Amino acid sequence: MALDRTVTPPTASLPPAPAGGYRWWLLLVVTLAQLPVVLAASLPDAVPAPSAADLRIDPDDVVWVGRAHLLALGALLLPAGRLADLVGPRRTFGIGLIGLAGASLVVGTATGPVPLFAGRALQGGFGALVLTAGLALLTTTFTDRAERGWVLGLHAGVTAAGGGLGMLVAGAATAHGHWRALPSAQAVLLLALALGALRLFARHPEPARSPIPGFDLPGAFAATVGVGCVLYGCLRAESHGGLDTTAWLFLAAGGVLSAALARRQTLAATPLLPPRILLNRDRGAALLGLAVCGIATVATVRFVAVHLQDGGPGLTPSQVGPRLLPLVLPLLLTAPLAAGLLLRRVGAKTIVPIALGLCCVGFVLLYALDHNSSYRTNVVPALLLIGFGAGLAFGPCVSVAVDGVRAVGAGAGATIGAYVLGAAIGVSVLARATVEAFRLNGAREWGPNPMKPPAAGVAARLAPVYEWTGVLLALALVATAVLFSPRSRTVAPAEDA
């Protein structure tokens, strides 16, 4: 009995469940609010942007219009989560929504490169507040574990499906409207959501909670600058080549600052990310699963889109989006089911390795694609397998990662950061490594953008990406099967973090 650690936190530590209507309206607001953020973060290079001549932007800098959002988002996730613990998730979420609406308006009305890039960076910064505080709100509002599993599964599914949904929205915006249409529409939607959220918060007082005082400023600086340097170095290497000196300088600086951050978290009285969150074996396995599944889903969207446009079918961007629905729909359906039902009955130790195995088989099918492959008979089965597998993994991993964490904001920042940073860094490295592999083999360089290869031999050039992603999934399968404990179906004690 002394070894049984499957007990839940004492009921006295949990706030009473708010009124049912408030909870479900809050779920709708949080879900809609996260969409603009994850759409832009999952596929930064697909974000509709002005032409180089439109706002007098250097042609080489156009690609950074979308990446500015991703850089700010990734760099600020951990500080944003800690801020939610300090001032409360409601206040943080409201500030994030209003700021994100204003930043979207700045982008939609930009008349030059400076306001455009500044607006994109502000979108990423306020987006970090929205994502972390939104997940923290759902975790603290839905206190019934069975109900919370379904809710967190839905949240995870929408986040993971951001790449496919982003391609769908970006293609439609590019084909049927000006690049300004999307941020302008986002500003209107976010302002409406902000007003709705403030009305909800005013009518339903926040439950009493135990605040977590203190903010580790040195840790926040190291996290923001360190993660930003690593992310910028990877993205720059993707565009400028693996031998780019500037990229390696940023990577080295990011590595040093990340090491300093890790050391700081063991010494700070109020760490930005309590080390026990990561040292818990179940949470560590869950964060690993999120990072690898993030790489798998975003790589599928990016590189299958290249195959459909340049590798045979010759589709336009607006035609590619709907053809990614076999990936998106299963993901949205299975993530809530896995977190709300299967996790309690089977446990993450069984579900997540099986899910990663399904994704691995899907990448084997993608590896077999060639110039003459049929979309219906060759691409769709692979997308379905990856969609079902990713959904089965994302839902349980998010639930296990945030369950039992007292610092809910910090837990939310780590959870979302695992997906966002894992996908961004992993896919960037895969894209550049594929280019370098062909360069070393004497093949022609793809050009400055590895997402734009020559029309001939596209399937062969994409095959290494699918191969390496499949290997990574297989390694993660073994790692999660070993790391997840048999108690992974239950919530971890709050004292662990």
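Visitor: If a salt bridge is a side-chain nitrogen of Lys or Arg within 4 Å of a carboxyl oxygen of Asp or Glu, how many salt bridges does the count come to?

Guide: This is a predicted model, in which local features need pLDDT of at least 70 and side-chain atom pairs count only at pLDDT 80 or more, whereas totals for chains, interfaces and linings use all residues. Side-chain values use heavy atoms, with hydrogens and water left out, and residues are numbered from 1 along each chain as its sequence is written. Side chains of opposite charge can pair when their charged atoms come close. Under the stated rule, the number of salt bridges is six.

Visitor: How many residues apart in sequence are the parts that Glu-238 and Arg-67 tie together?

Guide: The side chains of Glu-238 and Arg-67 meet in a salt bridge with an N to O distance of 3.8 Å. Glu-238 belongs to helix α8 (residues 217-240) and Arg-67 to helix α2, where helices are DSSP runs of H or I with at least four residues, strands are runs of E with at least two, and both are numbered from the N terminus. The pair therefore ties together parts whose separation in sequence, in residues, is 171.

Visitor: Is Glu-238 buried or exposed?

Guide: The cut-offs are on relative accessible area, with buried under 20%, exposed over 50% and partly exposed in between, using a 1.4 Å probe and protein chains only. Glu-238 has a relative accessible area of 1%, and its partner Arg-67 is likewise buried, with a relative accessible area of 1%. By these cut-offs, Glu-238 is buried.

Visitor: Which residue is linked with Arg-67 and Glu-238 in a network of salt bridges?

Guide: Besides its contact with Arg-67, Glu-238 meets a side chain in a salt bridge of 2.9 Å, N to O, and that side chain belongs to Arg-302. Because Arg-302 lies in helix α11 (residues 281-310) and Glu-238 in helix α8, this pair joins parts that are 64 residues apart in sequence. This partner in α11 is buried too, at a relative accessible area of 9%. The residue that completes the network with Arg-67 and Glu-238 is Arg-302.

Visitor: Over the ring of which residue does the charged end of Arg-67 sit?

Guide: A charge sits over a ring if NZ of Lys or CZ of Arg is within 6 Å of the ring centre and within 35 degrees of the ring normal. The charged end of Arg-302 is placed in this way over the ring of Phe-303, 5.9 Å from its centre. For Arg-67, the distance to the ring centre is 5.0 Å, and the ring belongs to Trp-64.

Visitor: Which salt-bridge partner does Asp-244 have?

Guide: The closest N and O atoms of this salt bridge are 2.6 Å apart. Both members of the pair, Asp-244 and Arg-236, are buried. The partner of Asp-244 is Arg-236.

Visitor: At which residue does α2 bend?

Guide: Helix α2 (residues 64-87) has 24 residues and reaches 33 Å from first to last C-alpha, close to the 34 Å expected at 1.5 Å a residue, the expected span being 1.5 Å times one less than the number of residues. Of those 24 residues, 20 are buried, and Gly-88, just after the helix, takes a positive phi of about 105 degrees. The bend, taken as the angle between axes fitted to the seven residues ending at a position and the seven starting there, is about 50 degrees, and Pro-79 follows within four residues of its site, Leu-77.

Visitor: On which residue is the kink in α13 centred?

Guide: For the 21 residues of helix α13 (residues 325-345), a span of 30 Å is expected, and the end C-alpha atoms are 29 Å apart, which agrees. Buried residues of α13 include Pro-330, Pro-336 and Ala-338, while Gly-347, just after α13, takes a positive phi of about 100 degrees. The kink is of about 45 degrees and its centre is Ala-338.

Visitor: How many disulfides does the count come to?

Guide: A disulfide is a pair of cysteine sulfur atoms within 2.5 Å. Cys-229 is buried, with a relative accessible area of 11%. Cys-293 is in no disulfide, the nearest cysteine sulfur, that of Cys-359, being 5.1 Å away. The count of disulfides is zero.
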